[in-house]
Amino acid sequence: MNYQTLCESLSYGLDVRPSIYFALRFRASPENKLRKVRMNEKLTWDDFMKVEMRVGTIISAETFKEVRNPAYKMIIDFGEFGKRKTSAQITALYGPRDIIGRQVIAVINFPSKQIANIMSECLVLGGIGENKEVVLIGPERKVENGTRIG
């Protein structure tokens, strides 16, 4: 499996217009039929190691007024990997002030993607609930920004 196929596999079936997030849901439904098939596809260790998941701290968050679905645009500090812009549909559970200073996990080696008037430079990870609310994934305790997840 090459990097492009891996990226497509990871994002298949997720609503990534205008938000950027990654989540896995495991439940039986017609919309997840193909996702179950993909669960049977095995990644190699080399495939997994290509995904750069890093810890970063949200340093800026504001309502993203230019998008159709409620979202925040954010700047996340990944330490030696720099500060990156992104957006996420996380408004159901979080206010912009609630997430500033929060550490999150994001994929930082996806290609940049135009989301309304910003270029999203990372993919924030979260779990999607039954009502499509997104719960951010972060470290249990504070770690250095840029710490690799593996």
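Let me start with confidence, element by element. Strand 1, residues 21-22, has the lowest mean pLDDT among the elements of the chain, at 38. Strand 5, residues 103-107, has the highest, at 98. Keep in mind that this is a predicted model.

Now the chain as a whole. The average pLDDT is 82. A score of at least 70 is reached by 75% of the residues. The weak stretch is residues 1-29, where pLDDT stays under 50. For that stretch the model has 76 contacts beyond four places in sequence. Please read those contacts with the pLDDT in mind.

Next, the layout. There are four helices and ten strands in the chain. In sequence order the pattern runs α-β-α-α-β-β-β-α-β-β-β-β-β-β. So much for the order of elements.

How do the contacts spread along the sequence? Take those with a separation of 6 or more: 63% of them join residues 24 or more positions apart.

Burial and surface come next. The chain has 150 residues, and 41% of them count as buried. About 8700 Å² is exposed. Carbon and sulfur atoms supply 54% of that area.

On to the interior. The largest nonpolar core has 18 residues. Which of them touch the most other members? They are Ile58, Met74, Ile76, Ile90, Ile99, Val124 and Leu136. Several strands each supply at least two residues of this core: strand 2 (53-63), strand 3 (72-77), strand 5, strand 8 (123-128) and strand 9 (134-136). Strand 3 gives the largest share, three residues. A second core is separate and has eight residues, including Val51, Phe110, Leu123 and Leu125.

Let me zoom in on one member of the largest core, isoleucine 58. What does isoleucine 58 touch, leaving out residues up to four places away in sequence? The list is Met74, Ile75, Ile76, Ile99, Ile100, Gly101, Arg102 and Val104.

Now the aromatics. How many aromatic pairs does a search of the whole structure find? The search finds one. The partners are tryptophan 45 and phenylalanine 48. Their ring centres lie 5.6 Å apart, and the planes make an angle of 45°. That makes the pair tilted, because tilted covers plane angles that are neither under 30 degrees nor over 60.

Where do the two partners sit? Both belong to helix 3, residues 45-49. They are three residues apart there, so about one helical turn separates them. Look at their surroundings too. Tryptophan 45 is exposed, with a relative accessible area of 58%. Phenylalanine 48 is partly exposed, at 24%.

Last topic: backbone angles. Two residues deserve a look on screen. The first one I will show is alanine 116. Its phi is positive, about 50°, although alanine 116 is not a glycine. Alanine 116 lies in the loop between strand 6 (113-115) and strand 7 (118-120). Is alanine 116 buried or partly exposed? It is partly exposed, with a relative accessible area of 41%.

Then lysine 132. Here too phi is positive, about 65°, and lysine 132 is not a glycine. Lysine 132 sits in the loop between strand 8 and strand 9. With a relative accessible area of 59%, lysine 132 is exposed.

To recap. Residues 1-29 stay under a pLDDT of 50. The largest nonpolar core holds 18 residues, and strand 3 supplies the largest share of them. Tryptophan 45 and phenylalanine 48 form a tilted aromatic pair. That is my tour.

Terms used. Residues numbered from 1 in each chain as written. Predicted model: local features only at pLDDT ≥ 70, side-chain atom pairs only at ≥ 80, totals over all residues. Heavy atoms only, no water. pLDDT = per-residue confidence, 0-100. Contact = heavy atoms within 4.5 Å. Phe/Tyr/Trp six-rings, centres within 6.5 Å; stacked < 30°, edge-to-face > 60°. Buried < 20%, exposed > 50% of the residue type's maximum accessible area, 1.4 Å probe, protein only. Areas by Shrake-Rupley, 256 points an atom, 1.4 Å probe, with all protein chains shown as cover. Core = buried A, V, L, I, M, F, W, Y, C linked by side-chain atoms within 4.5 Å.
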